[in-house]
Amino acid sequence: MKPRSHQLECVRHVIQRNTIVNMPTGTGKTLVAVLTIDHFRESGKVMFLVPTRALVTQQAEYVRKHASRAVAVAELQGVQTDHLTATEWKDIVAKHDVLVGTAEVFRKALVDNKFLNLGDFSLLIFDECHNATGGSAMAGLLRDSVHRWSGLGPRILGLTASYANGALVNMEKKRKELERLLQATILCPDVEERPMDFERVEYTQTVCASMEQAVEGEIQRIVGLAEQCGVMIKDAKDVIRRGAHVFSELGMAAFIYFLRECVVPQVHARIQQRAEVLPSAPRRMPCLSRLRDSMRTAADQLSQDGSLTSFPFVTAKAETLLKLIQQLHRQGGIQKRIIIFCEQTVLAHPLAHLVQEGTGCVVGTCTGVGSMTDGQREKNLQDFRDGTVPMLTCTAAVEEGLDVSECEVVVRFSQFQTTKSHIQGSGRARAWNAQVFYFDNEPSRELAGAALMERTAKDLSLSLSPDELQQSRAHKDIQGVHPFHTSCGAEISIFNGLQIVYEYVARTLGASFRPEEGILKYATHLVCDFPPQYQKTLVAVSVPSPDGFFEVQADTVDAWWKGVGLEDVAEQSRMRNWTAEDRELRRFMFVVAVILSQKSFLDEHNQPSADALHETRQRCKAWQMSPGVRIGVRYDPSGLKTSASSPQPTAAQASSRAMGTSQGAKYGMAEDVNNYKGMLNQVTKDGCQFATTEVPGGFQCTVHLPGGRSFSSSGTKSKKKAAEQSAAEAALKALGHLPGPYPAGS
């Protein structure tokens, strides 16, 4: 691929100094990154940071394809990296030229664990660097690692199409803040942008507040069926709120789909998982076998409910969308590649179902972490790229960086709040003369905001001087108070102490836990007689250890801090969104993490020590979580067809295929091998622990489940990942659990 003049200009700038390249989407920022890699890889390794898991594979493949000569690229993301040792990290660095991963993976490796050393890297690339704000992982890595590095550090390249995150205010200030954080100056070259047509879509509002209230009552009634069987729904208010949003945006048809394919399967699956994985879980639920059917029947009957028949089965807004899609497909007589964005995750699946039923087109979904597996997300993205699935309903999870050159249309079905969303979202339409449709935003206003951002980025008079950049590296450290560094340089601070403690507890007990029901102890005080108002204060933290539980009291925490406040040791911008309760919790947990380190229950890399892992479970009984289930935003994947011609798969088949294909290939396994480790992590909600040992001839692995049960790999495997997959497969077979998040018959 021959670089254009503006790309060569950017590369020359990066070679001379740290640079933030601000260019419109689709104008070749990633090629600038690859050309820069070609220059710097001779003098050290390259770290390529991306904000989302979906971008890891995409950017890694781009580097492999377009580098001037063969390059070894490692892909690092999610739970795959959680238990990597110092030796394994060293091996990854030695065997690869470029490491591509999420910012949090690299932040932990550089700051929390000190598995990586910046001195090994000649170039750091921050993709979508406008995400480096506040308490983000990208910002944390820069402040706690890059800014602390003394001497000549690696070259820094930031890539963005919209340097300012958030509201369109204080644009000059936001520009300077990003330059300070990345220790770089912004370059905004002149480029030829693709022509793009923006259009506002008008529709009629057909849902009123009284309808939403009636729907909320129906959700409460259906949730009540579970409670009648002894199954408490802990987040019922959230379920009601989500369901009401689906109804108000799409109508009764989508609302019923939400109940059938999101709420009902999860209630059933959560209970069955708990019964299978936790031997102590109550099994006395005589109506459990009928619960799923009764809840689904109740959902289906809503369409015949006399009090609801006047409610729109499909809202006018949704009908307008269906007509728009049909009109687009009539243009030129071919099926266009379309991305439909919605703001809330709960809307993506019902919207896809509605479009699929209303147009006859196959529609995929792509949402963030927690709502679908990495395998499902990558498969859906790949199906969209190769045209198997011509339409995607998405959240902001793919608003940034998704590159599908054939995408011709972007539809913003929901209102978005920032100019960044306008720039990034419309940038997914990569075809020439692409069309962008806004349902709830005014295109002219968004275009004006983007123009203002570009003018500010081009203003060279706003660039910070080298002295100004250097001054911004200063830290507010107080010796003997904050932060705390281990013998190898791993850091404990108010920003990572909470996570370090929670991960220590989960790993040493081998079980999931809820902090408020386990380690945290609060006292409640009356602060106002009338009306009565109470304040909750954290007074102690109970911590498991090889010696049994021990408590860290509030007076111990106060003695450590010596009257020093959080504002004295950290930048206010990093704590901007913390409540008073958040601040007290992080202040407390910082000291708890330090004590764990001083007692050698954490090793020098802030990982549980060998003694802590082997002995704590024997001395400390895991907490019994209060009964009940939580309902997340996760849909039965079989609710949507996977192709126009193939028969609809069962939930187990769809989930098995989604979780097994791309992740298996990523680890060098055959494409048809299931990702048993990923499935087991889903079943146990990431509560299982894998212990892998190198033995003559390869690796053996034992997986420990919550509740104490353990399963081993079948024989010795040549690769560590294969041993872990084998152990996970043995556990799934012993539990009688089919591949995928839903039991047989779902």
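This is a guided tour of the structure, stop by stop, with what to select at each one.

**Colour by confidence**

The model is predicted. Colour the chain by pLDDT before anything else. The chain mean is 84, and 86% of the residues reach 70 or more. Now select residues 278–286, where pLDDT stays under 50. The model has 13 contacts beyond four places in sequence for this stretch. Then select residues 738–746, where pLDDT also stays under 50. For residues 738–746 the count of such contacts is 26.

**The seven-stranded sheet**

Switch to cartoon view. Look for an open sheet of seven strands with parallel pairing. In what order do the strands lie? Read across the sheet as S3-S4-S2-S5-S6-S1-S7. Select 73–76 for strand S3 and 185–187 for strand S7 to mark the edges. Each of these two strands pairs on one side only. Neighbouring strands in this sheet are turned against each other by 20 degrees on average, direction ignored.

Zoom in on one pair. Select residues 121–127 for strand S5 and 155–160 for strand S6. The two run parallel and are joined by five bridges. To find one of the contact points, pick Leu123, whose bridge partner in S6 is Arg155. Show the backbone here: strands of a sheet pair through backbone hydrogen bonds, either parallel or antiparallel.

**Strand S12 and its two neighbours**

Move to residues 409–412, strand S12. Show the side chains. Which residues point which way? Val409 and Val411 point one way, and Val410 and Arg412 point the other. All of these are buried. In a regular strand the side chains alternate between the two faces of the sheet.

Add strand S9, residues 338–341, which pairs with S12 in the parallel sense over four bridges. Ile340 has Val411 as its bridge partner in S12. Next add strand S13, residues 434–438, also parallel to S12 and joined to it by four bridges. Here Arg412 stands opposite Tyr438.

Stay on Arg412. It lies over the face of Phe341, at 4.7 Å from the ring centre. Then follow Tyr438 outward: ring pairs link Phe198, Phe416 and Tyr438 into a cluster.

**Aromatic pairs**

How many aromatic pairs does the structure hold? There are eleven. Select Tyr257 and Tyr635 to see one of them. Their ring centres are 5.9 Å apart and their planes meet at 20 degrees, so the pair is stacked; the cut-off for stacking is under 30 degrees. Tyr257 lies in helix H10 (residues 252–277), while Tyr635 lies in the loop between helix H21 (610–619) and helix H22 (651–666). The pair therefore ties together parts that are 378 residues apart in sequence. Are these tyrosines buried or exposed? Both Tyr257 and Tyr635 are buried.

Now select Phe550 and Phe601. Their ring centres are 6.2 Å apart and the planes are at 45 degrees, so this pair is tilted. Phe550 belongs to strand S18 (residues 550–553), and Phe601 to the loop between helix H20 (580–598) and H21. This pair ties together parts that are 51 residues apart in sequence. Phe550 counts as buried because its relative accessibility is 17%, and the limit is under 20%. Phe601 is buried too, with a relative accessible area of 8%.

**Last stop: a lysine over a ring**

Select Lys536 and Tyr522. The charged end of Lys536 sits over the ring of Tyr522, 4.5 Å from its centre.

Technical notes. Residues numbered from 1 in each chain as written. Predicted model: local features only at pLDDT ≥ 70, side-chain atom pairs only at ≥ 80, totals over all residues. Heavy atoms only, no water. Pairing = 2+ DSSP bridges. Axes fitted to C-alpha atoms, helices over the stretch in contact; angles between N-to-C directions. pLDDT = per-residue confidence, 0-100. Contact = heavy atoms within 4.5 Å. Buried < 20%, exposed > 50% of the residue type's maximum accessible area, 1.4 Å probe, protein only. Phe/Tyr/Trp six-rings, centres within 6.5 Å; stacked < 30°, edge-to-face > 60°. Lys NZ or Arg CZ within 6 Å of the ring centre and 35° of its normal.
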